[in-house]
Amino acid sequence: MKAEEVKYKNLVEYDGRIFEIHMIAEEFPALNTDEFGIGVVDWNNIKPIPLTEEWLIRFGFNTWKGWLCLDAFSPGHPSQRFDLYWSKEDGFNCKSRYQGDVELGYKMRHIEHVHELQNLFYSLTGEQLTLKP
């Protein structure tokens, strides 16, 4: 992975385990670990996490008519919503709704990793996509 691919708080795989990016530096990023606190690692040892149904459910997506869906609000615009839909066949779709009417729809097949979904969600809402308990 490269520095420009991830953002603060993105989840990544390192040494077969999942960690959160704590700091991004071009040469050595830092991961937040429960065991050792903040640790510096090499970019060559960090891997993206494949996005699966299990991960979507962990992020709070719900089943609806064969899709996994998540509704989100646009920052500063409570009547503006974004619906993210995912299916194995079609990948991701995003619909923007304003006061209940669908305005725009986008197909986004290129989202294949957890950090890409986290970055998209942050771009749409201004908030971090977090794991649900």
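**Close-up views of the predicted model**

**Figure 1. The open five-stranded sheet.** In this predicted model, five strands form an open sheet with antiparallel pairing, in the order β4-β3-β2-β1-β5. The edges are occupied by β4 (37-40) and β5 (46-47); each has a single partner strand, so one side of each is left without a neighbour in the sheet.

**Figure 2. The pairing of β2 with β3.** Strand β2 (residues 17-23) and strand β3 (residues 30-33) run antiparallel and are joined by three bridges. Within this pairing, Ile 21 stands opposite Leu 31 in β3.

**Figure 3. The largest nonpolar core.** This core comprises 19 residues, and those with the most contacts inside it are Leu 51, Leu 56, Phe 59, Phe 61, Phe 92 and Leu 117. Two or more residues each are given to this core by α1 (53-58), β7 (67-74), β8 (77-87) and α2 (114-125). Helix α2 supplies the largest share, five residues. In soluble globular proteins, nonpolar side chains tend to be buried together.

**Figure 4. The surroundings of Leu 51.** Leu 51 is among the residues with the most contacts inside the largest nonpolar core. When its neighbours within four places in sequence are left aside, Leu 51 is in contact with Leu 56, Phe 92, Ile 111, Glu 112, His 113, Val 114 and Leu 117. A second core, separate from the largest one, has 10 residues, including Ala 3, Val 6, Trp 43 and Ile 46.

**Figure 5. Asn 119 and its contacts.** Asn 119 belongs to helix α2. The relative accessible area of Asn 119 is 13%, which is under the 20% limit, and the residue is therefore classed as buried. Not counting residues up to four places away in sequence, Asn 119 touches Glu 5, Val 6, Lys 7 and Asn 10. One of these residues, Val 6, is also a member of the second nonpolar core. The side chain of Asn 119 reaches the backbone oxygen of Glu 5 at 3.4 Å.

**Figure 6. Glu 4 in the segment before β1.** Glu 4 lies in the segment that precedes β1 (11-14). Its relative accessible area is 65%, over the 50% limit, so Glu 4 is classed as exposed. Glu 4 and Ala 25 are separated by 21 residues in sequence, and their C-alpha atoms are 9.6 Å apart in space.

Conventions
Residues numbered from 1 in each chain as written. Predicted model: local features only at pLDDT ≥ 70, side-chain atom pairs only at ≥ 80, totals over all residues. Heavy atoms only, no water. Pairing = 2+ DSSP bridges. Helix = DSSP H or I, 4+ residues; strand = E, 2+ residues; numbered from the N terminus. Core = buried A, V, L, I, M, F, W, Y, C linked by side-chain atoms within 4.5 Å. Buried < 20%, exposed > 50% of the residue type's maximum accessible area, 1.4 Å probe, protein only. Contact = heavy atoms within 4.5 Å. Polar contact = N/O pair within 3.5 Å; in protein donor to acceptor, adjacent residues only side chain to side chain.
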